[in-house]
Structure formats: C-alpha cells, structure tokens
Amino acid sequence: MADDETHLFRTSWSLYDALAAENYMFHREIYTRIAELLRQRRESGPYELLDLGCGNARFLAPCLRAAAPASYKGVDLSQAALDEARGYLDGLEKVSLHCQDMLQAVCAAPNTFDTIFSGYAVHHLDAVEKQQLFHACAARLNPGGVFILVDVVREEGQSRADYLDGYLRMMRTQWVKVRPEDMEAACAHVAAYDFPETVSDLARMAAAAGLREPAVVERFGPHHVIIFHR
Ligand SMILES: C[S@@+](CC[C@H](N)C(=O)[O-])C[C@H]1O[C@@H](n2cnc3c(N)ncnc32)[C@H](O)[C@@H]1O
C-alpha cells in the first residue's frame with residue numbers, strides 16, 4: 001500500500017509544498033503551536049525527537065531551531081522530500097534522515113525518544129496500522145515522553161464518505177490558487193488515501209497501547225494537534 005499512498009509525494013512533492021505555503025491546511029498556526037510545545041519541552045532539558053512522515057521538514061525546521069533537540073531522526077517514504085529536508089535542517093545537530101516506512105521505523109528503532117512527532121502523515125495508515133503505530137510509539141517513548149500528532153480528524157459519528165465529501169468540497173471551493181489539473185491530482189489522492197479517525201477512535205487506540213487520555217490542543221476544522229502522554 002505504501003507505494004501507492006506516497007505516489008503524490010514521490011512524484012510531485014512540490015504540489016503539497018505549494019498547498020502548505022498557501023496555508024490551506026493551517027500549517028502556520030499549527031506549527032506556531034508546535035514551536036511553543038517544543039520550546040516548553042526544551043526548557044525541561046535535552047530531548048530526542050523522532051519525526052514520522054517528516055516530508056521536507058520545512059515547517060518543523062524553524063521550530064527545531066528555536067528549541068534544538070539533542071537529536072532529530074526524520075523518517076519518510078519520499079526520497080525527494082528527504083533530499084529537501086537535509087537543506088531545511090542544515091545546521092542542526094545530530095540529524096539523521098531515513099527513507100523508510102514509519103511503522104517499520106518505530107518498531108525497529110534501536111533507541112527511545114522523548115518526543116515523537118508526526119505531521120499530516122498518520123491518516124495514510126489504515127486502522128490496524130494506526131493501532132500498531134500507537135503500540136510501537138508507546139514502547140519507544142521514554143517515561144514522561146509525548147506523541148504529538150498533527151493530522152486530519154473526522155467528527156464523532158461522521159463516516160469516511162461524509163468526511164471526504166466535506167473535505168473535497170472545501171478543497172474545490174477554498175483552495176483557489178491550485179491549478180485545475182493539480183486540484184484533480186490532489187482530490188484523487190485525498191479520496192484514495194486519506195483514512196482519518198475520530199478523536200475518540202484515536203483515544204481508544206492510544207489507551208489500548210497504554211498511553212494516557214489525549215489532549216486536543218489546537219484545531220482548525222478537521223486539522224488537529226493532539227498530544228498523547230506516555
Ligand atoms: C502531507 S505530507 C506531511 C509532511 C510534513 N510532516 C508536514 O507536516 O507538512 C505526508 C508525508 O508522509 C509521508 N508518508 C506517508 N505514508 C508514510 C509511511 N507509511 N511511512 C513514512 N512516510 C509516509 C509522505 O511521503 C509525505 O512526505
């Protein structure tokens with residue numbers, strides 16, 4: 001499945017980058033909040049960070065500069081995105097980038113982390129894979145560690161079909177700067193590969209993995225920032 005779900009990111013990474021630059025998915029507000037969270041974490045001591053589905057790390061990089069982790073490990077299936085990430089992360093200490101499936105990366109990680117972060121990537125996994133990811137993250141988090149999830153989320157009781165109807169309508173009516181041919185590619189990608197959960201589904205998965213009740217610390221429509229404490 002991974003070969004297909006990341007096709008858009010492997011072949012036209014620049015399209016996602018352009019959408020993010022237009023702030024259609026609230027990257028500016030959301031990463032402002034992430035910067036605050038990482039600054040608070042840094043104040044309590046050095047921390048090791050794992051970034052799942054890091055892409056080119058364009059938005060996380062400034063947050064990391066303001067709250068430098070002792071080490072940063074980024075994982076993504078798109079080599080094109082990782083090649084760009086190296087530039088955005090230039091100057092940070094102990095950066096390692098891995099072209100790898102995120103679930104395999106967490107399961108196989110030889111060390112543990114204080115913060116696991118994922119931005120707009122986990123919704124590509126199906127429910128079984130998400131549950132496995134929560135188990136793997138819980139096992140790889142140090143005591144007091146956090147999993148910070150930025151992702152799209154369904155409303156409680158909303159079906160995937162209804163979620164997709166609403167999201168695709170929003171894209172077509174509000175993402176006005178996207179060229180028509182790019183819009184079709186983006187909509188086809190979302191319709192085929194977006195499997196967002198509800199907050200209560202995520203809470204259930206987290207609880208089954210031994211993580212504490214999540215806190216939704218930010219949301220802009222379906223775009224959420226959720227923190228899971230170990
Ligand atoms: C929408 S981009 C998000 C990039 C960045 N984290 C952000 O917040 O802007 C999603 C990224 O997840 C990656 N991805 C999707 N499924 C993955 C998987 N199973 N393992 C690793 N990376 C994955 C894609 O290649 C893509 O770079």
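**Exercise 1.** Find the handedness with which α9 passes α10, and work out how the two helices are oriented.

*Solution.* Start with the crossing: α9 passes α10 in a right-handed sense, where right-handed means that the near helix is turned clockwise from the far one by less than a right angle, and left-handed that it is turned anticlockwise. Helices here are DSSP runs of H or I with at least four residues, numbered from the N terminus. Next, take the geometry: α9 (residues 160-174) and α10 (residues 180-193) pack at about 165 degrees, with axes 10 Å apart. Therefore α9 is roughly antiparallel to α10, since angles over 145 degrees count as roughly antiparallel. Axes are lines fitted to C-alpha atoms over the stretch in contact, and angles run from 0 to 180 degrees between N-to-C directions.

A word on the source: this is a predicted model, in which local features need pLDDT of at least 70 and side-chain atom pairs count only at pLDDT 80 or more, while totals for chains, interfaces and linings use all residues. Residues are numbered from 1 along each chain as its sequence is written, and side-chain values use heavy atoms, leaving out hydrogens and water.

**Exercise 2.** Now describe how α8 and α11 pack.

*Solution.* Helix α8 (residues 127-140) meets helix α11 (residues 199-208) at an angle of about 45 degrees, and their axes are 8 Å apart. So α8 is oblique to α11. Finally, α8 also passes α11 in a right-handed crossing.

**Exercise 3.** Which side chains place an N or O atom 2.6 Å from a ligand oxygen?

*Solution.* Tyr31 does so, and Asp76 does too. Both pairs are polar contacts (N or O atoms within 3.5 Å). To finish, look at cover: the protein hides 97% of the 600 Å² of accessible area (Shrake-Rupley, 1.4 Å probe) that the ligand has on its own.

Terms used
Polar contact = N/O pair within 3.5 Å; in protein donor to acceptor, adjacent residues only side chain to side chain. Parallel < 35°, antiparallel > 145°, perpendicular 65-115°, else oblique.
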